Each structure stands twice: as structure tokens, then as C-alpha cells.
Amino acid sequence: MHIIPVIDLMHGQVVQAVQGQRQHYRPIQSQLTDSHALLDVVAAILQVYAFDCLYIADLNAITGHASHLNLIKQAMVSFPALQWWVDAGFRNDKDLQPWLDSGIRPIIASESMPDLETYQSMRKMTTQAVLSLDFFQDGFHGPTDLQEHATLWTQPTILMSLPKVGANQGPDIEKMARIKRKLPYQQLYAAGGVRQMADIHALEQAGATGVLLASALHQKKITAADFA
């Protein structure tokens with residue numbers, strides 16, 4: 001099981017994500033570090049385990065403001081061994097272009113897609129893109145065809161359950177299992193709701209290739225001992 005820590009960036013600080021309600025995000029309260037600075041938080045996470053990949057949600061860019069591209073590039077220089085998956089709210093080719101030479105894997109989030117044609121155009125720009133299928137309290141956000149036609153998905157694809165993020169409710173295991181039964185060869189990463197290692201094991205049993213998590217690490221519900 002591939003485990004990827006998630007870092008949410010807003011106004012130059014690492015913040016605590018709660019149920020996708022971005023207007024209420026506050027600087028992170030972590031048991032790993034007192035700092036809200038990106039470099040410090042990355043270093044603290046890597047003290048738990050030598051993860052090989054990080055996922056960055058650039059909330060400024062996602063909400064239509066200036067991105068953290070330069071800050072993320074700085075972090076990439078400081079931690080060159082890491083792979084970086086970045087959701088910067090890419091809405092079109094123009095949004096994606098400045099990031100293509102940075103070395104990241106861009107996350108194409110369904111919630112940011114105005115239509116299927118835009119998604120397909122962005123897919124042609126890079127072979128590294130990862131699709132995130134984004135589910136909110138009121139259901140799927142994005143072009144309907146993108147959810148319904150798995151031939152359009154990337155390998156891997158993320159199942160993002162925003163209402164479960166930071167909510168201590170557990171992941172959507174049923175959705176993972178249901179999709180894997182239909183698409184046994186599709187690589188799927190679960191995002192949202194992981195509280196402890198038991199949730200990760202349950203997702204693995206349901207067929208997940210990997211999992212994205214944050215709160216469980218910062219609250220020390222998952223620790224170095226779990227990776228020993």
C-alpha cells in the first residue's frame with residue numbers, strides 16, 4: 001500500500017483541512033511540529049517515516065488566487081528525493097503550463113474542470129497527470145462523463161471524499177470496493193477519512209493501491225511504530 005501524506009497550503013502556511021470547508025481552514029495544529037512553515041512540516045513528516053511522495057493542495061490556486069509555485073519549487077530543492085503530487089486548481093491549459101517544467105505530477109481535479117474537452121486537452125499536455133474524482137456532501141463535482149466513463153481515467157486515479165477529510169469519520173470503503181469490483185485493473189488511491197492503520201488495511205482489502213492522509217499523522221494516530 002502506497003501511503004502519501006497530504007499538505008494543505010494557504011497564504012504561505014500549512015493549514016488543517018476539515019471536510020472541504022476551505023473558508024474555515026486554520027493554521028495546522030500538529031503534534032509533529034509547532035511550525036506552520038512548509039519546509040518544517042515536510043521535515044517533521046519525514047521524521048515519522050521515509051515517505052517517497054507528498055501531495056500538496058495549493059488552496060490559494062484552487063480558490064482562484066496566486067499559486068504557491070515558487071514555495072513548492074523551494075521545497076522540491078530542499079527535499080529532492082520526494083515525488084510531488086500537486087493540486088493547484090488547474091482549470092485549463094494556461095493554468096497548467098507554468099507547472100510543467102517543475103517536475104511535479106499535476107493533479108487534475110474534477111471539481112476544477114469546466115467540461116470534458118478541457119480535461120482531455122490538459123491530459124494531452126503531460127503523461128504525468130493524475131485525475132482526482134472529487135466527491136462533496138452533495139455528490140460528485142465535475143463533468144458527468146468523467147465520473148461515468150472509466151476509459152477517461154488516469155493510472156492511478158484518486159477517489160477524493162471531501163466531507164470525510166479531517167472529520168474523523170473513517171474512509172469511504174464501500175465506494176472503493178464497489179468501483180474495484182467493476183474495474184479490477186484500475187489503480188485507485190483513497191483520500192479522506194483515514195483515522196488509523198486499521199482504516200488503511202480495510203482500504204487495502206477493498207482494493208486500494210494507495211491512500212492519502214494528513215490528520216492521522218499530525219494527531220499521532222499513525223506513528224513510526226506502525227511502519228516498523
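Let's start with the second largest pocket, which is lined by L133, F135, Q147, E148, A150, W153, K175, R178, I179, K182 and L183. Keep in mind as we go that this is a predicted model. The volume of this second largest pocket is about 220 Å³.

Where does the lining come from? Three elements each supply at least two of the lining residues: β7, covering 130-136, then α6, covering 144-148, and α7. Of these, α7 gives the largest share, with four residues. If you sort the lining by class, you get six nonpolar residues, one polar residue and four charged ones.

Two of the lining residues, K175 and R178, bring us to the next topic, salt bridges. Side chains of opposite charge can pair when their charged atoms come close. How many salt bridges does the model have? The count is three, so let's visit each in turn, using a cut-off of 4 Å between nitrogen and oxygen.

We can begin with K175. Its side chain meets that of D172 in a salt bridge, with 3.6 Å from N to O, and that is within the 4 Å cut-off. Are the two partners buried or exposed? K175 is buried, at 11% relative accessible area, because buried means under 20%. D172, on the other hand, is partly exposed, at 23%.

Now for R178, the other pocket residue I picked out. R178 pairs with E174, and here the closest N and O atoms lie 2.5 Å apart. Why can these two reach each other along the chain? They sit four residues apart in helix α7, residues 173-182, so about one helical turn separates them. Both ends of this bridge are partly exposed: R178 has 31% relative accessibility, and E174 has 47%.

The third stop takes us further along the sequence, to R195 and D199. Their side chains also form a salt bridge, at 2.9 Å from N to O. How accessible is each partner? R195 is partly exposed, with a relative accessible area of 28%, whereas D199 is buried, at 5%.

To pull this together while you look at the structure: find α7 first, since this helix supplies four residues of the pocket lining and also holds R178 and E174, about one turn apart. Then look for K175, a lining residue that is bridged to D172. Finally, move on to R195 and D199 for the remaining bridge. Thanks for listening!

Notes:
Residues numbered from 1 in each chain as written. Predicted model: local features only at pLDDT ≥ 70, side-chain atom pairs only at ≥ 80, totals over all residues. Heavy atoms only, no water. Buried < 20%, exposed > 50% of the residue type's maximum accessible area, 1.4 Å probe, protein only. 1 Å grid on protein atoms, 1.4 Å probe; cavity = no way out; pocket = protein on both sides within 12 Å on 5 of 7 lines; lining within 4 Å. Points joined across faces, edges and corners; volume = space filled by probe spheres on them. Nonpolar A, V, L, I, M, F, W, Y, C, P; charged D, E, K, R; others polar.
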